[in-house]
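Student: I'd like a close look at a single part of this model, and then a walk outward from there to whatever else is worth seeing. Keep it informal, please.

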Amino acid sequence: MELNKAASVVKKVGPWAWWRTWWHRQSPNKQDRFANLAPVAAVVLFLAAIASAFWYLRVEEIEREQEAIKRDVEYAQQRLRLRLLERQEQVMRLARDVSNKEIRPDQFLSRAEALVQQYPEMMSLSWIDDRRRIVANQTVSSVSPSQYLRAGSVLKVGETESHFSLARDLMQPIYGQIDVDADKDAQTAVLQLHSPLSNDQGRFSGVILAEYTMEGLLRYGIPTEVLAKYAVALQDSKGHLLAGQTIPGRIALWSLLPGSDKPNNDYEVPVSPVGNDLILRAQAWRTSQGLVGGGLFWLVGVLSVMTAWMLIGNWRHTRRRIQAQKALVAETNFRRAMENSMLTGMRALDLRGRITYVNPAFCQMTGWSESDLVGAVAPFPYWPDQDRELLTKRLEEEISGQHSAGGFQVRVKRKNSQLFDARMYVSPLIDATGKQTGWMTSMTDITEPNRIREQLANSHERFTIVLEALDASVSVAPLGSEELLFANKLYRLWFGQNTVGHLHLVQKAGTTEATTRSDDVDDMVGLPTESLTVASSENAEIFVSELGKWLEVRSRYINWADGRLAQMVIASDITPRRQAEELAAQQAERAQTASRLITMGEMASSVAHELNQPLTAISNYCSGMISRIKTQQVKEEDLLWALDKTARQAQRAGQIILRIRSFVKRSEPNRSLSDVSAMVSESLELAEIEMRRRHVRLTHHVAARLPQLMVDPILIEQVLINLMKNAAESIDNANRPTGQRQVELRIVPKQIDNQSVVEFSVTDTGQGLPPEDIERVYEAFFSTKVEGMGIGLNLCRSIIESHQGRIAAENLYNAGEVTGCRFSFWIPVESTLTKQQPTGVNE
Amino acid sequence: MSLIPKKGTVYVVDDDEAVRDSLQWLLEGKDYRVRCFDSAESFISRYDPREVACLIADIRMGGMTGLELQDRLIERRSPLPIVFITGHGDVPMAVNTMKKGAMDFIQKPFKEEELLGLVERMLDEARDAFAGYQQAASRDALLSKLTGREAQVLERIVAGRLNKQIADDLGISIKTVEAHRANIMEKLNANTVADLLKIALGQNAPKA
């Protein structure tokens with residue numbers, strides 16, 4: 001469609017319109033380029049036209065010159081020929097006369113003299129007979145004597161002689177040349193004409209030799225206007241210069257110019273009567289005309305180059321200008337974008353107080369459009385009515401230059417009559433020449449900052465309320481200073497307004513840290529290592545006697561608002577928790593004690609039996625002594641023996657009671673490095689009571705050199721006794737025959753989960769545990785025994801686990817039949833040693 | 001002490017050395033011969049039934065228990081009277097022993113009079129048992145002299161059969177029965193049928 005239209009336009013209006021449309025179709029960049037290139041192209045075209053015109057003229061001129069030279073040379077040759085033919089005629093007439101013997105040698109001489117005199121080109125005339133003897137000779141006097149052909153002498157063998165022979169043989173006049181180079185005698189180039197003589201019989205009888213000087217021929221044979229116009233030369237067939245002159249050395253210069261690649265400015269033509277041996281050559285001088293043409297050409301060329309150079313220079317300058325313009329446009333766009341994106345409103349006033357400029361932010365802020373504002377004078381539309389007077393005063397101050405550097409706060413009315421707070425800053429507007437042209441005012445909407453400030457104040461208040469309401473005391477003090485940076489209400493309540501309490505807490509927390517860190521994992525578990533330095537809080541539980549409270553104190557280093565390193569201490573009251581913990585500990589202890597009492601209760605009959613033995617023995621001894629004393633049949637030594645025995649039995653009974661008492665009574669938790677074998681023998685003593693009563697054989701194996709364990713020995717004894725008692729009961733209940741009533745206690749060191757432990761195992765030959773109960777035996781109040789309370793194993797487990805150990809039970813089978821049961825527990829060596837030791841030492 | 005004749009032998013079996021030793025001391029003070037054993041096994045191996053004796057044994061012992069010891073003695077038809085020493089919780093077991101013929105049980109620690117009374121009673125019984133045992137042994141010796149036919153005839157005489165009825169039962173003549181009867185009377189050293197009956201029925205011979 002568009003194309004068709006364009007085509008039709010082209011058809012209608014012609015190439016000019018097409019050019020226009022083409023031009024408009026180009027991009028501005030291309031247009032620029034074309035506009036830049038066109039002058040250069042024009043100059044180049046002009047130069048080319050000039051050059052071609054010059055070349056054409058040159059060719060024309062050379063051609064014309066060629067024609068002229070040709071014509072002139074032909075003419076000169078014609079004249080030379082005619083002159084030569086004329087002389088030949090005269091010589092031949094003389095020769096005919098000599099042949100006819102009409103003249104004698106003296107007559108010959110006179111005629112010859114006349115000829116030589118008349119024709120300056122003629123150098124000499126000689127009569128030479130058939131024997132080559134010179135009969136007579138007439139020579140111009142100016143010729144050097146060496147060239148004289150003396151009368152009476154014979155022709156010497158040479159060129160002359162060969163020409164002579166040729167003339168003799170042909171019986172025709174012969175032209176020949178004597179070269180200066182060839183004949184040493186010849187001083188000038190000479191043209192010889194041998195005109196043969198014939199006797200009566202028509203036989204050869206000699207020649208008349210006419211010698212012309214080439215110089216003479218040239219000077220007198222060629223018309224003077226030709227000689228004047230051209231450099232005329234006579235040359236032999238080999239190009240040797242015989243006479244005249246040539247123009248050497250200018251060919252090179254001419255070849256540089258256009259159209260002069262061939263030096264066409266000369267012309268050669270053979271002189272006809274002589275033949276090809278003599279060539280007439282003319283060269284045009286033409287010096288002045290070449291110089292003028294060349295100079296013009298060069299002038300035009302230099303001017304064109306200058307023009308082109310200036311155009312290129314101009315073009316480059318334009319390009320720089322365009323770049324500068326582009327940069328300016330970019331800068332302007334950037335500035336405009338900046339201006340538009342700026343949130344600060346800008347307003348320019350001229351010196352009379354009229355608005356000359358507002359930026360979009362200003363328009364957006366006020367709600368008035370640019371056209372509303374530019375050109376307006378006070379009162380401006382955005383002035384609130386009630387502030388008009390004040391603002392007028394302000395404006396006057398502004399214009400008179402009395403403005404404060406910190407700006408001033410005003411109220412601004414939006415177009416929709418809404419008011420907002422703004423801060424304005426005024427600065428003078430200086431133009432490029434340094435003259436003040438007005439005032440630039442920037443306006444910032446400070447409603448939002450005001451709101452934020454308010455919010456900040458609110459949040460600070462909330463924060464303070466929270467901190468104040470916290471049931472922990474929070475205090476911050478810089479390191480090494482008495483200054484209290486922050487303290488909340490509880491802190492003030494507890495410690496007052498100074499740092500004494502803070503420092504006290506820090507000090508106490510620091511010293512007791514080691515003892516309170518008894519957990520095997522600290523508070524930093526789970527934190528990434530890099531955050532440790534940041535959150536290196538310290539936890540400590542301390543008792544503050546002034547308050548009568550247990551406090552959990554957490555302290556950490558923080559960067560205070562002013563950049564100082566400060567220590568924040570948060571102390572929370574944990575007295576109730578502490579009390580609860582203590583209560584729980586007491587209860588656990590009581591439970592253990594109670595359990596031991598229960599164990600003892602369950603073992604009561606065994607213990608009674610055990611006690612009965614010494615008591616029975618004592619009773620018997622006493623009765624025996626009494627009856628003996630009554631019958632007076634006793635010897636003193638027998639009596640002493642019996643008394644000794646009695647005393648021993650009393651001690652035995654006392655020991656049993658002591659052991660039971662120590663087992664039941666001792667209830668203070670007391671972890672210490674304990675000897676395994678001591679614990680075992682202690683528990684074996686008690687267990688043996690039960691074993692004896694139930695007729696169970698108890699064997700034990702304690703590995704040698706067992707490490708000491710950090711345990712509460714009475715608790716471990718309790719577990720051992722419990723397990724052994726259970727084993728004995730199980731055997732009793734299974735009614736095993738005597739040979740199968742065995743309990744074995746083994747204590748061996750082991751490696752479990754990469755830690756060295758001591759394993760205690762009690763193996764019985766009883767009825768085992770019902771498989772469905774094997775997992776439940778540790779449950780509280782679960783028992784497989786009729787009279788059991790379900791306390792024992794549950795407590796055993798909690799005792800073992802409180803020592804970081806584990807307890808396990810398994811049935812022993814022999815061909816599918818339960819042959820016994822094995823209870824085992826282990827207690828780690830290392831953990832109890834390394835982790836518990838500090839605690840033990842401190843206590 | 002040796003001058004005073006011993007009242008009898010008391011065996012003491014107890015695994016507790018002190019109890020054993022003190023019992024010995026007590027009983028020896030009352031002029032009993034006391035022999036102590038630390039286990040039922042060693043007692044069984046050394047026990048002489050021909051002695052007038054009694055046994056005091058602990059009911060709970062390592063190895064063979066008192067109950068087992070009783071069973072073994074019953075197997076041997078030993079007339080040895082037994083008293084078991086029991087602990088506090090062993091009363092049901094002690095009752096069980098009494099059903100099997102134990103004399104009594106005493107609980108530790110025991111009173112002297114009680115123990116001595118029991119020992120005295122046991123030894124009395126042991127003496128009776130010993131006499132009976134001796135009679136039975138002599139009767140057995142007499143009866144073992146009879147031939148098979150004579151034993152058959154004696155059996156029927158004791159059953160109260162007449163000679164004629166015996167002859168019918170055995171298919172022999174009255175004369176033969178009478179001859180056997182005379183032989184029996186002679187062999188058993190009996191003068192009357194009543195004597196014969198006493199011997200045959202195993203009653204103790206009348207005390208002197």
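Tutor: Helices here are DSSP runs of H or I with at least four residues, strands are runs of E with at least two, and both are numbered from the N terminus. Bear in mind that this is a predicted model. Let's start where one of those helices stops: just after H22(A), Gln804(A) takes a positive phi of about 60 degrees.

Now back up into the helix itself. H22 of chain A covers residues 792–802, and its buried residues are Gly792(A), Leu793(A), Leu795(A), Cys796(A), Arg797(A), Ile799(A) and Ile800(A). Don't skip over Arg797(A), a charged residue that is on that buried list. The partners for these buried residues are two helices, H17 (575–602) and H21 (713–734), plus two strands, S25 (806–814) and S26 (817–828), of chain A.

Follow those two strands and you get into a sheet. S25(A) and S26(A) are antiparallel, with 9 bridges between them, and one of the bridged pairs is Glu810(A) with Arg822(A) in S26(A). The sheet is open and has 5 strands in the order S21-S23-S24-S26-S25 (chain A), with mixed pairing. S21 (697–702) and S25 of chain A are the edge strands, each pairing on one side only. On average, neighbouring strands of this sheet are turned by 20 degrees against each other, direction ignored.

H21(A), one of the helices that H22(A) packs against, lies across S21, S23 (742–752), S24 (755–764) and S26 of chain A, and runs at about 30 degrees to S24(A).

For contrast, look much earlier in the chain. Strand S5 of chain A, residues 204–213, is mostly covered, with 8 of its 10 residues buried. S1 (residues 122–129) of chain A runs antiparallel to S5(A) and is joined to it by 7 bridges; here Leu125(A) faces Ala210(A) in S5(A). S4 (residues 190–198) of chain A also pairs with S5(A) in the antiparallel sense, over 9 bridges, and Pro196(A) is opposite Val207(A). The S4(A)–S5(A) hairpin has 5 residues between its strands, and in it Gly202(A) takes a positive phi near 75 degrees.

Ala210(A) turns up again in the largest nonpolar core, which has 50 residues: along with Leu191(A), Ile208(A), Met214(A), Leu234(A) and Leu280(A), Ala210(A) touches the most other members. Helix H3 (residues 28–99) of chain A supplies the largest share of this core, 9 residues. Another core, of 49 residues, lies apart from it and includes Ile721(A), Val757(A), Phe760(A) and Ile827(A). In soluble globular proteins, nonpolar side chains tend to be buried together.

There's a second chain to deal with too. Contacts between the chains involve 23 residues of chain A and 21 of chain B. On the chain A side, the elements giving two or more residues are H18 (604–630) and H19 (636–665), and H18(A) gives the most, with 16. By type, the chain A side divides into 6 nonpolar, 14 polar and 3 charged residues.

How far to trust all this? Chain A has a mean pLDDT of 79, and 86% of its residues reach 70 or more. Go easy on residues 832–843 of chain A, where pLDDT stays under 50 and the model has 17 contacts beyond four places in sequence. Residues 258–262 of chain A also stay under 50, with 12 such contacts.

Notes
Residues are numbered from 1 along each chain as its sequence is written. Chains are lettered from A and ligands numbered from 1 in the order in which they are written. This is a predicted model: local features need pLDDT of at least 70, side-chain atom pairs count only at pLDDT 80 or more; totals for chains, interfaces and linings use all residues. A residue is buried if 20 or more other C-beta atoms lie within 10 Å of its own, exposed if 12 or fewer, and partly exposed in between; C-beta atoms are placed from the backbone. Two residues are in contact if their C-beta atoms, placed from the backbone, lie within 7 Å. Two strands pair if DSSP finds at least two bridges between them. Axes are lines fitted to C-alpha atoms, for helices over the stretch in contact, and angles run from 0 to 180 degrees between N-to-C directions. A nonpolar core is a set of buried Ala, Val, Leu, Ile, Met, Phe, Trp, Tyr and Cys residues joined through C-beta atoms within 7 Å. pLDDT is the predictor's confidence in each residue, from 0 to 100.
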